[in-house]
Each structure stands twice: as C-alpha cells, then as structure tokens.
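Visitor: I'd like a close look at one sheet. Take me through its strands and pairings, then step outward to the rest.

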Amino acid sequence: MVITAANRSDWRRKTAAIHAFLVAFYLFCFMCVCMLRFCSSPTSQASINMVSGMLLGCRIFSENLLQSLHPSLPSATIGFCHSQVARRKDEEDRVSNEDLERKMKKEQKAKLKEEKKLKAAQKAEAAKFQATDETKKADKRNRKKDAEEENPLDFVEPVTPTGAKKQLSPQMAKQYNPSAVEKSWYAWWEASRFFVADATSSKPEFVIVSVIFSNFEFHLMKVLPPPNVTGALHIGHGLTASIQDLIIRWRRMSGYNALWVPGMDHAGIATQVVVEKKLLRECNLTRHDVGREKFVSEVWKWKSEYGGTILNQERRLGASLDWSRECFTMDEKRSRSVTEAFVRLYREGLIYRDYRLVNWDCTLRTAISDIEVDHKEIKDETFLKVPGYDFTIQFGVLTSFAYPLERGLGEIVVATTRIETMLGDTAVAVHSKDKRYADLHGKFVLHPFNGRKLPIICDDILVDPNFGTGAVKITPAHDPNDFEVGKRHSLDFINIFTDDGKINSNGGAEFEGMPRFKARVALIGALKKKGLYRGAQKNEMNLGICSRSNDVVEPMIKPQWFVDCSSMAKVALDAVIDKENKKIDIIPEQYELEWKRWLENIRDWCISRQLWWGHRIPAWYVTLEDDQVKDFGHYNDHWVVGRHESEANIEANRIFPGKKFQMAQDPDVLDTWFSSGLFPLSVLGWPDETEDFSAFYPTSVLETGHDILFFWVARMVMLGMKLGGDVPFRKVYLHPMIRDAHGRKMSKSLGNVIDPLEVINGISLEGLHKRLEGGNLDPNELAVAKEGQVKDFPNGIAECGADALRFALISYTAQSDKINLDVLRVVGYRQWCNKLWNAIRFAMSKLGDNYSPSIRLLVNKLPSICKWILSVLNKAIEKTVTSLETYKFSDACTAVYAWWQFQLCDVFIEAMKPYFLSEFKYEYERVALRDTLWICLDTGLRLLHPFMPFVTEELWQRLPQATKRHRKESIMITDYPSVVEAWTNDQIEGNVDIVISAVRKIRSLRPPSDKNERRAAFALCKDDDVAGIIKGYEFEILTLASLSSLKVLHEDDIPPVGCAVDMVNEKLSVYLQLQGVLNAEAEREKLRKKREEVQKFQANLEQIMSSAGYKKAPQHVQDEDIRKLNAYMEELKIIAAAEKNLDELVISEN
C-alpha cells in the first residue's frame, strides 16, 4: 500500500504497538542470556543456544508480522527499526513516493546485511561464552550498538563562514581526515587576531629560549627569514616555518608578548631571471626589447601573483604570523629604510665606489654574490654545456705555452686552465729564490699577439717554485690571486671581456668579438702556428657556475659600490666570541668557529648589481660642463649621494660650487642581501622611533639555515649594531639543510624538489610531472627529472596534512647539518594523527555526554595506574619544555610522541577498558579514570599544540569543559603545560616500568601463529618487593598481555613444564604456558642464541673488570658493573633451567 495522509495515523499507531511488543520481548530474551552466563554447566550452554535461537526467531517473526500488516513495506531488522522509527515520523511529511521506493531498496540491503551479522554474532556468542575475554566482547557489543544507533548526518560538518569559528559535526568521524580537520581553523585564528602582538602590552618581556629565565625585561619577537617571490615555497621553507611556528606558539602559550613578523624578500637576481625567461618564452622578447620601466612592471605583476601564493602557503602550514605587520623588502617603508642606510653609511665613509674584481655572469650581465656561485669539482678532462654555445666546452685541462724573452734570449713556459685570459696578461711571476730564473729578474717577455712587454716579477706569496715550471702568468683583471699581485706590484689591469663575455678591443683585432670559449679554441690554434704551444695535461679544478643561469662565472674587474666591512665585522665578531661580553649565542655552538673564520677574513662587500629589479642605488653621477671625458662614471670623484634627487642636487652644488653640470642616477640596483640585512630594523619601522622599534628591538631569535650564516646573518649583525645601536637578535638557531631521501641536494633538474603543499594535499605522479612541464627545464633535463620522480614517487605523494608534515620536519632536526627527507616518514606521522583521533573518540565514549571535569583532582586517592600516567605526563612536560628551551626540537618531538603513543594510548587507555565493562562494578575507579583521562587529554593536547596546531585545536574543542571554569576560546591562547609537583611519583613510575617490561616480555613469547588466545602466565620473582609489584598490578598485566591467568612464583618454586621463558631483570622472569603449541626446536634455538649473547656480554665485562687500570674507575661505575655481572649470571641460570624444562617436555611428549 501507499502511505497517504488518510492512513498515516493508523499506520503510526500499529507500528508503535508492534514496536513496543518487540522491544519488550527482545529485552526478555536478552536478560535470559545474561542470567545464564553466570552458570558454567553444559545445560546452561545449551540454554543459551536455545534463547539465542529465540532472539533470531523473534526477529524473523517481527519482520513477518510487519510485512503482513504492511505488505508493501520491506522487512526490517529490529535494530534498524529502533534507530529509524523516530526519524521516519519527522521525514515522512517531506519524502515523496519516489524517494520512499529508493529508500526501500536501501533498507532491503541493510536488512540482509543485518541478518548475516546477527547469525554470525549468535555463533560467536555460543563459541566464545566460556572464554574470559570480556573486554573484546564488550567492545564488539559497543561497536554494534553504536553502529545501530548512528545517524549519518551526525558526522557531517556544517558549513563554516570564512573567518568564523569552525562548526563541528555532532559526532567525530571514524577516520582522521587532514583536509577536513585543517579546514577553517586558520581563518578563524587570523580573524580573531590571536597572532597580533601589542607594542604597549604590560606583559613581561622575554628573550626567547634561555635555559634559565632570570631576565624578564624584554619582549619576545621572532624574525622570519623572508622567502623570495620567485615562485612557490619549497620544503626548506616548510622546515623554517614549522620550527619558527613551534617556537612562537610555545612562547605565546607561555604568556609572552610574542611577535612574528611576516616578510618577503624581492630576490633581485632570481626574480629577474625567472621573469626574463617567462618573457622570452611567451613573447620572444628580452628585457632590453621592452625597456626598463615596462620590464619592472612585469616583475611587479609576477610578485603580485606568486607573492600571494607564498603567503597562502605559509597560512596552509599554520604559521601564526602577525599579518597586520606584513612587509615586503621593496615596499615604501622598507625602501625608505634601505635608502637611509645607504646614505648614512656613505657619509661615514663606509660605502665607496671602486674598481674591484667581482663574480661576473656573462649571461645575466651582472655581478653576483658568492652565495649565487656553485662550485663544481672537475676531476678529469670534462666537456660541459655552457649557455650561448652550440658545442660543449672543455674543462679540467692545464694548457702550457711559452712567452718569448725580449731580444731572443729564450723563453719562459707558463700554464693555465683559462688560456683565453692570456690576452690580458700584464706580467710573469717567479719566486725570488728560484735559481732557474735568477738572471731574469727585472727582464721582460713579449706578448705574442699584441707585442706588449710583460715584466718578470718576483712574488714569493703567490709562486710555488716546486709547482709546474715555477713561472706564473699574471692576469690582474681576471683572477683573484693575480688581482692581489697586481696591487702589490702596481701592474696594469687590462679587462679583455665585454659584459656578455666576448673579447673586446684590448684582446687584439685577431680575436675581438669572439665569445670567450671560442677564443679559447682559436688561441690554441694561433699559439701552435707561432710555435709557442707546449701541450696540455689533465688537471683537477674547481669551476664556478652561476646557480641562476648555469653560466661559467668570469672574474672581472668592474667599477662597483662596496661596503667597508672591517670595523663592523670586528664588532660583530666580538658579539659572538667575546665570552665576557657575549651578546649573541649561535646554536649549534659549532658554527661559532665558522663565524670567527668568516669575519676574521672578511673582504669588502660588493653591493651593486647590474639589474633592473631591486632598490635603485641612491647615487647620481655628475657630468661637469668642463669635463674632458663625458663618459658616464669615468671620474670616480663625480658621484653624489642623496635620499632623493633634490638632496643629491644640493650635494652636487656643495661639492662643485659655481659649476654647470648634469646629473644621472646610477642604473644599478643594490644587492638583495643589503635590504635583507636591514630586515630586523626595517620591519620595526627604523629609521623612525616607532612603538614597535622601542618595544621589540633587539629581537629574540633568528632561525635560518647554516648555509647563509655569513651572507645574511653576519650582515644583519653588522648593520644592526651599526645602525640600530644593538645586536638585532640574542640567539641564532641554524637548522640542517634538507636533502632528498638519497642525500642529494634538491634540484629541479633532478626532479626531487618537493612543494610542501604537495605533501599536505597529496599529488599523483602525473601531477608531479605536470609541475615539471610548467617550469623552465630543457627537454633533456625534463626527461631526467621525470625519471627521478618515477623512481622516488612511483605512486605520487599521499595526502599527509600540515600537522604530519610539520611534526616530521621538526623531528628531523636531530640530523646534524643535513636532513635526508623521506616522505614515507611524513606518511607515518599522518597515521599517528589517526591514532590521536581514535584516542579522543574512545575518550569521548567513556566520558559521556554529561561529563564535567573535576575542578580539583585528589591525586593521593587515585588508583595506581592514574598516579602513574600523571607522573609520566609530568616527565614528558619537563622534557618537552627543557628541550624547547635548549633548541633540541627533535628531543621535544620524541618526548611528546612517546607519552601519547607508548604511555597514554598503549598502556593507560588499554588498562582502563575493563573498568568500563560493567555499570555495577568499579564505580569509584571509573570516576577517577574519567577525571584522569580528561586531564591527560587536555594537558597532552596543549603540550602537542605548537607542533600540530590544527588537529590539536579540533580535538581540544571537542573536549568537555568544567562548568565553573572560564574556557579560553582557542587552545592556542591557553596556558602551556608546566610541571605539577603533586603528580610526580617516582616509586609508582618504577613499579609500572617493571610491569610494562614484564608485559612486553610475555607478548614476545607468543609464537607467530598465536592469534591472541588467552594463555596462562607465571612470574618468577626473586624477592618479595618484586612479587608485591606483580600482585599489585595483576589486573593490568592480565589486561595488557591478554592472559587468562597470572601466578606469582617464588625462588624455590619450579616453573611448569611447557612454558616459554624470558628474563625481565635479574629479579624477575616471566613464563608463558605454550604446552601443545610450543615448537621445541625453535625455542631451543632461541635459548641458545640468548645464552651466547649473554655469555659474550659477560666475557666483555669480566675483561674490563680484570684490566690493570680498572681499580681507578669511580666506585659507582664498579658497583654498576658488579650488578650487571650478577644479572648476567642470573640470566644464564634461568636459560639453563628453561633448557632443562624443555628437555623434560620433549621426553614427556615422546
């Protein structure tokens, strides 16, 4: 029949009556089963089977009855009716006939499935009744009951408006889903201004992470090393963000006025290269084709697109940055700071312009910094591809040629790996004590291609008379060592290259216009023609290659702007190594030696770059009307510096009074590291005396990679102390560098670069390939990169979530200076998040809907297992906080993980389950367990939050809160846990450690084929204290080791035959009854290996104790060795007894 409005009321009455009857009859049958369980006779077992049959019969009868009353309705199981009737009453008014038919089909399937489950449950009930495994059966009944009562809508999360507090589903999902858990929380944190620091706060100020917090006189601030705008973040940025957010969240929860400023670096050369490639690829244009103004505009568009991407990635990682203070190194305020710094340093004589040797990139046509030079070791003759050449270039070869002496007096043979630079030679150097050339001092050789006379000079600093011919060609304009020789001997500096790496007019008409490596080939041919070529040999060398363009770096003399670093470096050096007035701690401490090495040997810093993207140098060249040479920059004393053009004009009139002139600004830009070096100053408002600068400078800690200790950290310290009046931060933490799982440096050409979002969200192999295809790799590099991805990520990367990624990266920091990142480790922590999730799900089921946490917990009255979990929680808190204070982040991860995994989940939660099997027993214990469990979860989540912010927020929000206690809005603004002295109980910890060790040993005795069948166990105790511990925790041991019984044996007792044995310590051994399943041969082999292992340890220890100098060892060491020796002897006795019992078992069975 079709349900209509006319017959709906009658249908409801009939259904309600039937429902009441069936429930009453079903409960009656169930009570019969429960009563019969107290009997153990075969008759009672038969009765159980009979009543179980009645239950099934009741179910079938009820369904037939329903079908007879309502033929058109499908059969439904009793459990399904119970969960559906009430909901149907509300749904019927809005369910159409078509929907009803579709639901009927689903219900029919559910009914068939439910019948199968019921029959299986009946069989299991009859088969397992006599067993004592009540915990498992109770769990199964609870799961079945929960499944019957579940409403799918209870697991659906409501839609949360952007920025609003996340709306949680009524029920927790059965599985942890990172994308669902991490959704919405960050937007709410940000909208709630939880990240914002207050410069006027009355909170005590603090220097981040001192071991002893004795000075409460400064605010906490975190400096974020600014990522650049060349694209998306890589996994190294993920490590930086994870560590810094851990620190800042911890300190914020610890009550400090925590500030973390988000900044982004403009990455001059890197960004310009990327945009130039994009322009060439999409429009077939160079920057010179479009002009400076339009090109810079294109770079700003790129910044707008990818700068936002990077900031969103920071948010996705959970970085709790104060976005109200967001800054960019080229925004208006930062640009003003850069200009101010340049002007001040110039007017103090610390910035000057000079001709110096620089690293020159002929492809980019700019000077580059040392950090942008990769050094490739060449072991043998090697041919490499160089940009701009259609053939490979030879390296790793030392070419020899002869310079003829003037007047035909002979020749001097020299050798070089860069034969083309001989066109710029201006001398030949020998050692003053080399007798071979004693008569040539002050003589000359003739250049074979331009006729220049090159002096033969003596330079004992450069020349090694035992190397090669003992004569060295000198090219001051193209070699760092030769440059110094040129200055010492006042030689000519002749530049032979154009900016794009071609031979200029100084190289001679025969080679002018040739690219440098084509000129290399041509020169060898020309030397052969002149009879001056003397051969070539293989030679190891270190080749400098630009990391941005892959071009071979050319040392070239150029007019550039430099910072005189000598005086600032001395102050920066003392700030770290002056023990009596130490201002900065570097962690790990080993890098202080690196700091000392760099700053003691510092050279002046070239800060100008021949780029268009960056801070334009605030210097103008003055061309006077009466200058003889009008070329731009010709006169080094015609430069003026000002904050703007009008100020520069005033300065020019002061320097050149009454003269007519024209001014033009230097087209070059400043090195990116100059603006980044000012970051701690500029982000706080310098040069203005802002509230932020007064409150937060100096900052507390800098966290970055050790590879930029000099390029960035040292320069920040120099500039901060010079311009800010104090060090920019009190501590420097240097994290390891990330490599792939094979230890290789991450490189796009290898295909092993990992985007943090690819780990957070997951990505297929095809997706990884598409990312590569969207890059700038050439076809050969693309093929190699794809091959690498197939090898490393054959199935792509699984979705891990931000929490798992953060925890994995932080835990990796124990690896000295390099991290070999294996994505599978991240996947493992994602699975651990699921463990946390299930722990909270279990807790919520035991706490109940109406649970309210106790305001006061009387620890002394708690059960021992509760005292134990609180005591070890105290230890975890102490270890975590101490590790964070000392920057041992991996140790902090281990402390938190170990408590959650091995103590709370594996022991406490498992041990408490039996107390909840009956509502009529253990009432006091259940109350204590609930209160203890709530404290553990609340404290444990707060302890874990800085490591895993998203999942801890979600789980903490689900915990019930005390009705009379003020609840904080978010876990991130709660108090970070601290040690509670009343919780510490070393004696109980020691006792439970013995219990846990015994449980593990018992578990290890089970044969691989054993399917957790409950067996009898025995504990052989050598003293009464140990026996008392085992008896006192008998219930926990039975539960955790899944035993049917546990008997304590004393030293004179004989263990039963047919047991496997293992030793817990010298006073306790455990036996597991395995008669009937014990593999005698396997057990005998295991005992043999164990005996040999113990004998080896015993022999080694006896050898140490019998050595001549052992008596000088401290007494506590000798006492411990005696204890170990006695333990080994006891263990050998137990093994011998076990072998004897095994032999008796074999004889009895035969």
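Guide: Here is the sheet, followed by the cavities, the backbone exceptions and the cysteines.

This is a predicted model: local features need pLDDT of at least 70, side-chain atom pairs count only at pLDDT 80 or more, and totals for chains, interfaces and linings use all residues. Residues are numbered from 1 along each chain as its sequence is written, and side-chain values use heavy atoms, with hydrogens and water left out.

Start with the sheet. It is open, with four strands in the order β6-β5-β18-β20, and the pairing is antiparallel. The edges belong to β6 (366-368) and β20 (605-606); each has a single partner strand, so one side of each lacks a neighbour in the sheet. Helices (H or I, at least four residues) and strands (E, at least two) are DSSP runs, numbered from the N terminus. Two strands pair if DSSP finds at least two bridges between them. In general, strands of a sheet pair through backbone hydrogen bonds, either parallel or antiparallel.

Now β5. This strand covers residues 351-361 and is joined by 10 bridges to β18, residues 554-563; the two run antiparallel. Two positions help you trace the pairing. Tyr352 stands opposite Phe562 in β18. Leu357 has Ile557 of β18 as its bridge partner. How enclosed is β5? Largely, because eight of its 11 residues are buried. Buried means under 20% relative accessible area, exposed over 50%, and partly exposed in between (1.4 Å probe, protein chains only).

Toward β6, the link is made of three bridges, and β5 and β6 run antiparallel. Trp360 has Ala367 of β6 as its bridge partner. The two strands form a hairpin with four residues between them. In that turn, Arg365 has a positive phi of about 60 degrees. That is worth a look, as most residues other than glycine have a negative phi.

The Ala367 of that pairing leads to a cavity. Ala367 lines the second largest cavity, together with Ile269, Ile368, Glu372, Arg609, Leu611, Asp671 and Thr672. The volume of this cavity is about 50 Å³. By class, its lining has four nonpolar, one polar and three charged residues. Here Ala, Val, Leu, Ile, Met, Phe, Trp, Tyr, Cys and Pro count as nonpolar, Asp, Glu, Lys and Arg as charged, and the others, Gly among them, as polar.

A cavity is a set of points, on a 1 Å grid over the protein atoms alone, where a 1.4 Å probe fits but cannot get out; lining residues have an atom within 4 Å of a point. Grid points are joined across faces, edges and corners, and a volume is the space filled by probe spheres set on the points. The structure holds three cavities of 30 Å³ or more. The largest has about 80 Å³ of space. It is lined by 13 residues, and the closest to its centre are Gly1058, Cys1059, Ala1138, Asn1141 and Leu1142. Two or more lining residues come from each of β32 (1059-1065), α34 (1080-1105) and α35 (1115-1149). The most come from α35, with four residues. The lining of the largest cavity is made up of 10 nonpolar, two polar and one charged residues.

Next, the backbone exceptions. Ser490 has a positive phi near 55 degrees. Ser490 sits in the loop between α13 (480-489) and α14 (516-529), and is exposed at 66% relative accessibility. Tyr887 has a positive phi near 65 degrees. Tyr887 sits in the loop between α27 (864-885) and α28 (889-912), and is buried, with a relative accessible area of 5%.

Two cis peptide bonds deserve a check too. One runs from Ile587 to Pro588, with omega near 0 degrees. Pro588 lies in the loop between β19 (585-587) and α16 (591-600). Another joins Tyr697 and Pro698, with omega about 0 degrees. Pro698 lies in the loop between α20 (691-696) and β26 (699-705).

Last, the cysteines. A disulfide is counted when a pair of cysteine sulfur atoms lies within 2.5 Å. By this rule there are zero disulfides. Take Cys866: the closest cysteine sulfur, in Cys936, is 8.0 Å from its own, too far for a bond. Cys866 is buried at 0% relative accessibility. Cys546 is buried as well, with a relative accessible area of 1%.

Definitions and conventions:
On a 1 Å grid over the protein atoms alone, a cavity is a set of points where a 1.4 Å probe fits but cannot get out, and a pocket is an open set with protein on both sides within 12 Å along at least five of seven lines; lining residues have an atom within 4 Å of a point.
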